[in-house]
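Reader: I have a model open at the bench and would like to know what stands behind the words used for it. Could you take me through them?

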Amino acid sequence: MKSLIDIMELSTAEIDELIETALDIIANPAKYSEKCKGKKLASLFFEPSTRTRLSFEAAMYELGGNVIGFSEANSSSAAKGESVADTARTVSCYADIIAMRHPKEGAPYVASLKASIPVINAGDGGHNHPTQTLADLLTIRKEKGRFDNLTVGVCGDLKFGRTVHSLIGAMSRYSGVKFVLISPEELKVPEYIKTEILDPKGIEYKESASLEAVMPELDILYMTRVQRERFFNEADYIRLKDTYILTAEKLATAKDDLCVMHPLPRVNEISVNVDDDPRACYFKQVLYGKYMRMALILKLLEEAAK
Ligand code: NCD
């Protein structure tokens, strides 16, 4: 694997290996503190980010490496009209690995075709977000101890939520996984998720407009933000943004070992009164993301050196 653009490029064995590395990093951080000495991560963020960018940067520093980059398109030559392909070629002269977030679907893929160093997709438009899924998988492994036989509820903006698309792809490879797709009519998962992932693999799923109706069935509840920046119309965003608000009261009918996840940032969709519930896992998920990104950087740099 040269780059990571889509979570489906990773085999189950490769995901297991990344998780084992992340667990080893958590247990023995000192062993990894110089693994990337002399190496540079280019963090190219053409779209806002807190967790993804800072966790990539923290990951590289904790591996003993350095970071260069930009955090908004306006401070890069993209503002002058430079193509992603040319930016990728240029950055290949300065760095050893690229993490790229871009509002256009496919931009990190285009970059990976022209870069001479590995490119990691750190989120491309409403499409994919494979490293968030790696964080999600480590969270599920730590909290549930397994990936199979889980009922996974994904709730909110399933249309534009790229984390949901990557998570469904990754979890669909495990046996006995069922999905409950909870969204308003306008924000249902794109058809290709059904025709290319769920249906061909014979995965059991159902759609629900009500979170309360399905709450008791869920092992995992993955809440998402309504993706304002992908709407064409502000009125539609305002109408849909507060469709689901998870409160402590709504958790009353949930399983005792439910795992509540959210890629964050949260806007309104999880009330702060849920934060102290032992089932709230979204801040642990943030920390796990850093370890999975460390494991991924290590793996891609090792493969690039072969
Ligand atoms: C997500 C993203 O950027 O897609 N955030 C993240 O990377 N943790 C989710 C979101 O922005 O709603």
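Author: Gladly. A polar contact is a pair of N or O atoms within 3.5 Å; within protein, one must be able to donate a hydrogen and the other to accept it, and residues adjacent in sequence count only if both atoms are side-chain atoms. This is a predicted model, so local features need pLDDT of at least 70 and side-chain atom pairs count only at pLDDT 80 or more, while totals for chains, interfaces and linings use all residues. Residues are numbered from 1 along each chain as its sequence is written, and side-chain values use heavy atoms, with hydrogens and water left out.

Reader: What makes Arg162 a polar contact of the ligand?

Author: A polar side-chain atom of Arg162 lies 2.7 Å from a ligand oxygen, and the limit is 3.5 Å, so the pair counts. Thr52 offers a side-chain N or O atom at 2.8 Å from an oxygen of the ligand. At Leu264, a polar backbone atom is 2.9 Å from a ligand nitrogen.

Reader: How much of the ligand does the protein bury?

Author: The protein buries 94% of the 320 Å² that the ligand exposes when taken alone (Shrake-Rupley method, 1.4 Å probe).

Reader: Why is Thr131 called buried or exposed?

Author: Buried means under 20% relative accessible area, exposed over 50%, partly exposed in between (1.4 Å probe, protein chains only). Thr131 has 1% relative accessibility, so Thr131 counts as buried. Thr131 sits in helix α5, residues 130-144 (a DSSP run of H or I, at least four residues, numbered from the N terminus).

How values were computed. Helix = DSSP H or I, 4+ residues; strand = E, 2+ residues; numbered from the N terminus.
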